[in-house]
Amino acid sequence: MTTGQHRAALALGLTLAAAAPVMAASDADVRINQIQVIGSHNSYHAGLTPGVAKLIKAQNPKAFDELDYQHGTLTTQLDHGIRQVELDVYADMKGGRFAHPFGANFSPGGQAAFDPDGVMKKPGFKVMHLQDLDYVSNCQPFIACLSELRAWSTAHPDHTPLFILVETKTQAPIPGVPMVAPEPFTAEVLDALDAEIRSVFPENERITPDQVRGHYATLPEAIAHGGWPTVRAAKGKVVMLLDQTNVTATYVANHPALAGRVLFTNGEPGAPDAAFVEENSGPPDLITKLVKQGYLVRTRSDADTHEGRSGDVTHRDAALSDGAQIISTDYPAFEPARWTGYSVSLPGKAVVRCNPVTAPIGCVDSGLGN
């Protein structure tokens, strides 16, 4: 072989090497803060009853528009690739607090037809958007919602981890409307919330703050050093997330850096308990900064039916590209907005994909599972 031929062969070899695909990172090489999934906003929301819808539309058309959405069952959502669900819970430690909603008076059969099985009379957390008015849910009570999620998880043991967002509701009554006052989320009530979750999902089926923190003193330290588990290690498990910040101080009291707790708080970046952060309306550059620091971030691609009615994809496209691991929507691909067809999905309608900001080199969507 001449010198020229040798150089040509080397050049060809280099060209072929450059064209060869990079070895794909497997689900054992990618952590759960290096992926992206689609979630549903207020996943339990079954819509207003016709009587209440008519009342609100007449009294406050803007409020009606914002509440005019609904979802199928939790099982249906998971079957269609949703990997984050949101459950709004009201405390009801003695039972019966929400057993006679004002809105039931506007439905056929009235109060007598509401809750024939007496579920709302029993103690425990109840799932709804707004007491007395927007109270119809596709699962009830909270423990039944969790049980439905666990049944699906058990039937699909290799699923990408499910992120379960729990919002603690303390909505004060609307002036002039006969509404029940919510029960406060005291330390005792929050302990009961943890207990209900533990009663359904044993520890080996949950990713907990203690597991993520490991030997580090705080969660920010841990997530900056690979504290989140790999996708493979997290398959078949759930991650419990706490939505509201108004209960954080009570939830972390006597539980430094969430020691012994079930839920990851919606933390203030840098605080000892912070591993999960909500940035529901951006801005995108802040979200990108947070995910690069190791935080798990949830954002929303649409809100109050605005995008569903207008078809505006600005927020959706920003959410898909800014690196937030969880993108929450009222309109997943299988439930598009009836006005415009607006919907939210990952490219190719994948269930999970490599995070556009944090995924390691060589990550391939198909290697992450579903």
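This report describes the disulfides, the aromatic pairs and one charge over a ring in a predicted model.

## Basis of the description

The structure is a predicted model, in which local features need pLDDT of at least 70 and side-chain atom pairs count only at pLDDT 80 or more, while totals for chains, interfaces and linings use all residues. Residues are numbered from 1 along each chain as its sequence is written, and side-chain values use heavy atoms, with hydrogens and water left out.

## Disulfides

A search of the whole structure for disulfides, each being a pair of cysteine sulfur atoms within 2.5 Å, finds 2 of them. With bonded cysteines counted along the chain, they follow the pattern 1-2, 3-4.

One disulfide joins Cys139 to Cys145, with an S to S distance of 2.0 Å. The torsion about the S-S bond of Cys139 and Cys145 is about 100 degrees, so this disulfide is right-handed. Both Cys139 and Cys145 are buried, where buried means under 20% relative accessible area, exposed means over 50% and partly exposed lies in between, as found with a 1.4 Å probe and protein chains only.

A disulfide also joins Cys354 to Cys363, with an S to S distance of 2.1 Å. Here the torsion about the S-S bond of Cys354 and Cys363 is about -85 degrees, and the disulfide is therefore left-handed. Cys354 is buried, because its relative accessible area is 11%, and Cys363 is likewise buried, with a value of 16%.

## Aromatic pairs

Rings of Phe, Tyr and Trp (its six-membered ring) pair if their centres lie within 6.5 Å, and planes under 30 degrees apart count as stacked, over 60 degrees as edge-to-face and the rest as tilted. The whole structure holds 8 aromatic pairs by this search. One of them is the edge-to-face pair of Phe102 and Phe106, which lies at 5.3 Å centre to centre with 80 degrees between the planes. Phe106 is partly exposed, with a relative accessible area of 36%.

The rings of Phe125 and Phe185 have their centres 6.2 Å apart and their planes at 20 degrees, so this pair is stacked. The pair links distant parts of the chain, 60 residues apart: Phe125 is in the loop between helix H5 (110-113) and strand E3 (126-127), and Phe185 is in the loop between strand E4 (162-168) and helix H7 (187-200). Helices (H or I, at least four residues) and strands (E, at least two) are DSSP runs, numbered from the N terminus. Both Phe125 and Phe185 are buried, and together with Phe142 they form one aromatic cluster.

## A charge over a ring

The charged end of Arg261 sits over the ring of Tyr251, 4.1 Å from its centre. Such a contact is counted if NZ of Lys or CZ of Arg is within 6 Å of the ring centre and within 35 degrees of the ring normal.
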